[in-house]
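The following exercises are to be worked with the sequence and the coordinates at hand. Each task is followed by a solution in steps.

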Amino acid sequence: MPSQTLLVDFPAVVKSKVLEKLDLFSILKLRKVCYNLRQFIDENPPKFNSCAVEVTTTPGECISINMKSPEIVSLVFRPDGNGCKMEWKVSYKVRKVVVEMGNYIDVFLRELEGIMKYHWRPVLKSFSIQQFEWDVRREVSEELTRIGCVHTDEVVFDGCSLDQIAAFLPFFNSDDLNKIRIEDLFKQEKEDQEDDIRMLNLQKIKQSEQWKNSKHVKIEAWDFYVKIRDFLNFEQVEIKCEMMSVQDIILIKESFLTSSRLDDFSIGLENYHDREQLYASFGFPSLPVDPETQEEEWFFRIPTNEDVLSIRDVPVE
Amino acid sequence: MSCEEPTTSPTPENNITVVSSDGKEFLLDLKLTEQSETLARLISNFEYDRTDVKKDPVPLGNITSAQMQKIIEWLQHHRYYPKWEQNDIHYSTSFTFETWVEEYLNIPNNEMFELLNAANYLNIPRLFSTICRIMASRITGKSAEQIRTVLNIKTDVKNDVYTGIPIQEDSSSSEDGMSEISLSPSPPPI
């Protein structure tokens with residue numbers, strides 16, 4: 001009698017139980033082990049797989065698919081002559097490298113399709129565009145055009161300019177997109193504006209369905225003034241910028257008292273506003289000022305329900 | 001027939017006798033049988049937990065004496081553990097095990113296979129889940145080639161009779177000629 005092979009010869013119910021305990025990456029690897037396992041996995045796709053899949057593109061360098069498995073597993077695709085250099089990394093260490101014929105975007109798309117077929121839902125956790133060099137927009141546009149419509153919960157623009165963000169944003173499915181994160185916003189040089197600090201003009205972006213439908217936004221724009229009206233449609237907002245007018249901070253308070261959507265608003269300012277103006281509007285803080293942290297806190301009753309609005313002012317050295 | 005006694009000797013009132021497929025009898029403390037849903041249900045149905053009920057030996061036709069011995073070892077070790085509860089589906093699977101469990105399951109593949117089937121048949125969820133986790137821990141993070149070694153699968157690859165170089169007999173093992181890294185289920189576009 002031939003000896004039994006672990007897993008392969010297990011009863012279906014047992015096989016399924018083992019598969020349930022595996023991450024997505026391991027299941028995809030298991031498909032390649034033998035015909036029996038591949039057939040079983042394809043006919044009985046594991047149901048409880050909550051592994052997060054993220055895509056990061058670094059124009060001019062590579063595009064990668066990242067999974068937590070439980071270590072960070074990455075598949076990295078780089079253009080290599082007429083082919084594609086493909087790296088398999090575990091916890092950021094390269095485990096294997098191969099070169100395949102064909103355009104790197106084709107190879108990336110093929111692998112992404114294969115992964116998402118077995119993912120518990122066809123939506124990425126995050127799609128990140130990391131722009132470290134200026135003027136490589138063409139490559140990102142080509143990648144996004146080839147993908148067609150990106151289904152992701154979050155999009156991250158790192159080092160991009162506002163014009164680039166406006167051009168890339170329409171590629172993301174607005175029904176799936178919940179979070180927009182803008183990090184290290186690139187300041188485009190304009191001849192007619194010599195100031196180091198300029199107003200953040202979101203005119204091109206805020207008309208998009210993606211901006212209107214998202215619930216969370218996080219923006220890091222240290223060289224900019226920010227107008228708060230651009231962010232009052234979100235549930236959660238985190239802004240880091242150069243400066244904001246006291247009138248805008250008062251507007252946030254008024255919006256919280258009337259909006260059912262706003263939930264959390266955090267602002268980090270490089271140049272702090274005049275506290276006296278805040279006292280004139282808010283009154284003195286509701287709690288005694290902590291002499292060590294200089295933290296101040298106000299409470300306001302929200303007229304429409306029993307919730308209380310809390311505003312904290314925390315100076316940071 | 002011989003009669004095996006577990007480490008703690010059960011008294012006639014608080015035990016049942018189970019018979020393995022090769023005819024060996026084992027005295028089992030009723031406290032231990034609580035870990036097996038199959039045995040616990042049987043005991044409840046036949047009211048074997050009552051002292052005034054005659055207890056017939058329970059035949060376990062799918063389980064050999066060697067497997068039963070191994071199972072009893074598990075039941076004894078977990079005698080005072082809290083009742084097993086199924087983890088939430090979003091619970092992140094842990095691949096760390098207590099030393100005793102690692103030593104207990106440090107057994108050849110064929111024994112592991114038999115033990116898992118026995119745990120499934122007797123419905124011992126803690127043991128069943130632990131073996132599944134051990135299996136998963138041996139697979140996770142490995143390449144297809146390494147998994148083949150772990151599972152002892154050799155059938156898909158054959159050596160060329162002339163050169164001795166491994167050849168792909170079943171295309172599935174190389175994913176239609178694609179590289180080891182590739183995860184895609186479909187062949188690459190031409």
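**Exercise 1.** Which residues does B:Gln67 touch, not counting residues up to four places away in sequence?

*Solution.* The model is a predicted one.
Step 1. Locate the residue: B:Gln67 belongs to helix α3 of chain B, which covers residues 65-77.
Step 2. List its contacts: with residues up to four places away in sequence left out, B:Gln67 touches B:Asn62, B:Glu114 and B:Ala118.
Step 3. Classify its exposure: the relative accessible area of B:Gln67 is 10%. The limit for a buried residue is under 20%, so B:Gln67 counts as buried.

**Exercise 2.** Determine how the rings of B:Trp100 and B:Tyr104 are arranged, and classify the exposure of each residue.

*Solution.*
Step 1. Place both residues: B:Trp100 and B:Tyr104 lie in helix α4 of chain B (residues 99-104). They are four residues apart, about one turn of the helix.
Step 2. Apply the ring criterion: centres must lie within 6.5 Å, and planes under 30 degrees apart count as stacked. By this rule there are 13 aromatic pairs over all chains. One of them joins B:Trp100 and B:Tyr104, with 4.8 Å from centre to centre and 15° between the planes, and is therefore stacked.
Step 3. Compare the accessibilities with the limits: B:Tyr104, at 2%, is buried, whereas B:Trp100, at 22%, is partly exposed.
Step 4. Look for a charge over the ring: the charged end of B:Lys70 sits over the ring of B:Tyr104, 4.2 Å from its centre.

**Exercise 3.** Describe the pairing of strands β13 and β14 of chain A and the directions in which the side chains of β14(A) point.

*Solution.*
Step 1. Establish the pairing: β13(A), residues 296-301, pairs with β14(A) in the antiparallel sense over six bridges. The two strands form a hairpin, with six residues between them.
Step 2. Follow the side chains along β14(A), residues 308-313, where they alternate. A:Leu309, A:Ile311 and A:Asp313 point to one face and are buried. A:Val308, A:Ser310 and A:Arg312 point to the other face and are not buried.
Step 3. Identify a bridge partner: A:Trp298 is matched with A:Ile311 in β14(A).
Step 4. Extend the view to the rings: A:Trp298 belongs to a cluster linked by ring pairs, together with A:Tyr279, A:Phe282, A:Phe284 and A:Phe300. A:Lys253 lies over the face of A:Phe300, 4.4 Å from the ring centre.

**Exercise 4.** Summarise the make-up of chain B and state where its pLDDT falls below 50.

*Solution.*
Step 1. Count the elements: chain B has seven helices and six strands. Their order from the N terminus is β-β-β-α-α-β-α-α-α-α-α-β-β.
Step 2. Assess burial and surface: of the 190 residues in chain B, 42% are buried. The chain exposes about 10400 Å², of which carbon and sulfur atoms supply 50%.
Step 3. Consider contacts between residues at least 6 apart in the sequence of chain B: 54% of them join residues at least 24 apart.
Step 4. Read the confidence: the average pLDDT of chain B is 76, and 69% of its residues score at least 70. Over residues 157-178 the pLDDT is below 50, and this stretch has 47 contacts beyond near neighbours in sequence. Residues 186-190 of chain B also stay under 50, with eight contacts beyond four places in sequence.
Step 5. Turn to the complex: the predictor assigns an ipTM of 0.70 and a pTM of 0.68.

Notes. Residues are numbered from 1 along each chain as its sequence is written. Chains are lettered from A and ligands numbered from 1 in the order in which they are written. This is a predicted model: local features need pLDDT of at least 70, side-chain atom pairs count only at pLDDT 80 or more; totals for chains, interfaces and linings use all residues. Side-chain values use heavy atoms; hydrogens and water are left out. Rings of Phe, Tyr and Trp (its six-membered ring) pair if their centres lie within 6.5 Å; planes under 30 degrees apart count as stacked, over 60 as edge-to-face and the rest as tilted. Buried means under 20% relative accessible area, exposed over 50%, partly exposed in between (1.4 Å probe, protein chains only). A charge sits over a ring if NZ of Lys or CZ of Arg is within 6 Å of the ring centre and within 35 degrees of the ring normal. Contact means heavy atoms within 4.5 Å. Accessible areas come from the Shrake-Rupley method with a 1.4 Å probe; for residues, only the protein chains shown count as cover. pLDDT is the predictor's confidence in each residue, from 0 to 100. Two strands pair if DSSP finds at least two bridges between them.
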